[in-house]
Amino acid sequence: MERVTLYFALEQSILVASRKVHIEDIATIYCRNKDFYHQVAKLEVTTMPDGEQSQVVVTAMKIIQLISNLSDKIHIESIGNPETIIYYKNLKDGSKTKSKLKAVFLMVLAFIGTGYSIMTYNEEVNTRDLLFNIYELFTKESATANNIHVNLGLIAYSVGLTLGMIIFFNHGINRKNTDDPTPLQVQMRLYEQEVNECIIIDNTREKKTIDAS
Amino acid sequence: MQADHILYLIFCLIAGGAISAGYIAFITLLGVFEKLSEKYKTNNLVGLLETVIILGVTFGNVIHLFQISLPVKIIGVVIYTLFGGIFIGCLSGALAETLDIFPILSRKFKVRDFLPYVIIASALGKGIGSIVELIFL
């Protein structure tokens, strides 16, 4: 009988909510034979360790082993990543409140921390005196703290500060989904990839990956 | 209001824009927030985080530049400076990491296993140094 080709592509990393992980959770599969497709999709890869959250690395080799144990009539092609990281997160109510608290902490840190560090910058370069000097340079009048025009300049500086950030983050009111992702999003994805690579290398070195045997 | 006043205003506006864009680029490059939010698995909050950063910088800049006194008592000051300190600590840690100080040192001295202690020691050093500088000098 003719052999059927089955293609599968492993994701780079995936977040699962249930402890039993099947092949369909971590890879996209294509096979012309629907029977094989459904059998393979339901194959169990691993059971995640218990706990609030955990991660395991599974190699494509393991998936190939699992599928070839099923039947000799399948020709397997892996076209995705050679390894994948499965993150497991226990989505109980307790952990939800916890992650909300963490998010609130992060927001407070972002608000106060950035404000504090812009203050240190202003203090360091002495922005107030600098703007006063620039006022004298422009108008040939001496600048005093109570002068309305000098203070208008300080307001203009503050408005410019906010506008600059809105432009940098591409964060205006008319933001669309088709626009480029913001620099922060790009950096986040880059960092996520680096973390994934690091986890894969560490797990491979310590031989903790779920590999073919 | 004369022409030179208006020129001055335009100058200030553009100066502020340039400085804040540079400041945000610096923070984004150092990767303080992406590391924190990866740690806390709050990746879906990027938009909100950006808004909060913009508000925070605006608020801090305005109260510093116009020397506004807020009725927050000592507890407000303590909270503000505490979070300010945490952020500056993150910033200096991220700067050290961007410059690859720890990977280079650990390869050179072969101290991979002791790296957590090195980091704790540098954090303690920063804290003690800050106390000595601010209080005793």
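This passage walks through the predicted model, from its confidence scores to the two chains and the contact between them.

As a prediction, the model comes with an ipTM of 0.81 and a pTM of 0.76. For chain B, pLDDT averages 84, and 93% of the residues get to 70 or more. Within that chain, helix α4 (residues 73-98) of chain B comes out highest, with a mean of 89, while helix α5 (residues 101-109) of chain B sits at the bottom with 76.

Chain A first. Its secondary structure adds up to seven helices and eight strands. Chain A has a radius of gyration of 28 Å, and since the globule rule gives 17 Å for 213 residues, the chain is more spread out than a compact globule. The C-alpha trace of chain A tells its part of the story too, spanning about 95 × 35 × 35 Å along the principal axes. As for burial, 27% of the 213 residues in chain A count as buried. Looking at contacts in chain A with a separation of 6 or more, 63% come from residues 24 or more positions apart.

The domain assignment splits chain A into domain 1 (4-90) and domain 2 (94-204). The C-alpha centres of these two domains of chain A are 42 Å apart. Where they meet, eight residues of domain 1 of chain A are in contact with five residues of domain 2 of chain A. On the domain 1 side of that meeting, β6 (53-59) and β8 (83-89) of chain A are the elements that put in two or more residues. By class, this side of domain 1 of chain A holds two nonpolar, four polar and two charged residues.

Chain B is also divided by the domain assignment, here into domain 1 (1-68) and domain 2 (71-137). Taken over C-alpha atoms, the centres of the two domains of chain B are separated by 23 Å. Four residues of domain 1 of chain B are in contact with five residues of domain 2 of chain B, and the domain 1 side consists of two nonpolar, one polar and one charged residues.

Two helices of chain B can be followed from end to end. Helix α1 (residues 3-30) of chain B has 28 residues and runs 41 Å from first C-alpha to last, close to the expected 40 Å. Just after α1(B) comes B:Gly31, with a positive phi of about 75 degrees. Helix α3 (residues 46-65) of chain B has 20 residues and covers 28 Å, close to the 28 Å expected at 1.5 Å a residue. Just after α3(B), B:Gln67 likewise has a positive phi, of about 45 degrees. The buried residues of α3(B) include B:Leu49, B:Val52, B:Ile53, B:Gly56, B:Val57 and B:Gly60. Also buried in this helix are B:Glu50, B:Asn61 and B:His64. On helix geometry in general, there are 3.6 residues a turn, so residues three or four places apart point the same way.

Finally, the contact between the chains. Here 54 residues of chain A are in contact with 57 residues of chain B. On the chain A side, α4 (93-125), α5 (127-139), α6 (148-168) and α7 (183-205) of chain A each supply at least two residues. Of these contributions, α4(A) gives the most, with 19 residues. Sorted by class, the side of chain A that touches chain B has 33 nonpolar, 18 polar and three charged residues.

Methods:
Residues are numbered from 1 along each chain as its sequence is written. Chains are lettered from A and ligands numbered from 1 in the order in which they are written. This is a predicted model: local features need pLDDT of at least 70, side-chain atom pairs count only at pLDDT 80 or more; totals for chains, interfaces and linings use all residues. Two residues are in contact if their C-beta atoms, placed from the backbone, lie within 7 Å. Helices (H or I, at least four residues) and strands (E, at least two) are DSSP runs, numbered from the N terminus. Ala, Val, Leu, Ile, Met, Phe, Trp, Tyr, Cys and Pro count as nonpolar, Asp, Glu, Lys and Arg as charged, and the others, Gly among them, as polar. The expected span of a helix is 1.5 Å times one less than its number of residues. A residue is buried if 20 or more other C-beta atoms lie within 10 Å of its own, exposed if 12 or fewer, and partly exposed in between; C-beta atoms are placed from the backbone. Domain bounds come from an automatic or database domain assignment. The radius of gyration is taken over C-alpha atoms; the globule rule is 2.2 Å times the number of residues to the power 0.38. pLDDT is the predictor's confidence in each residue, from 0 to 100.
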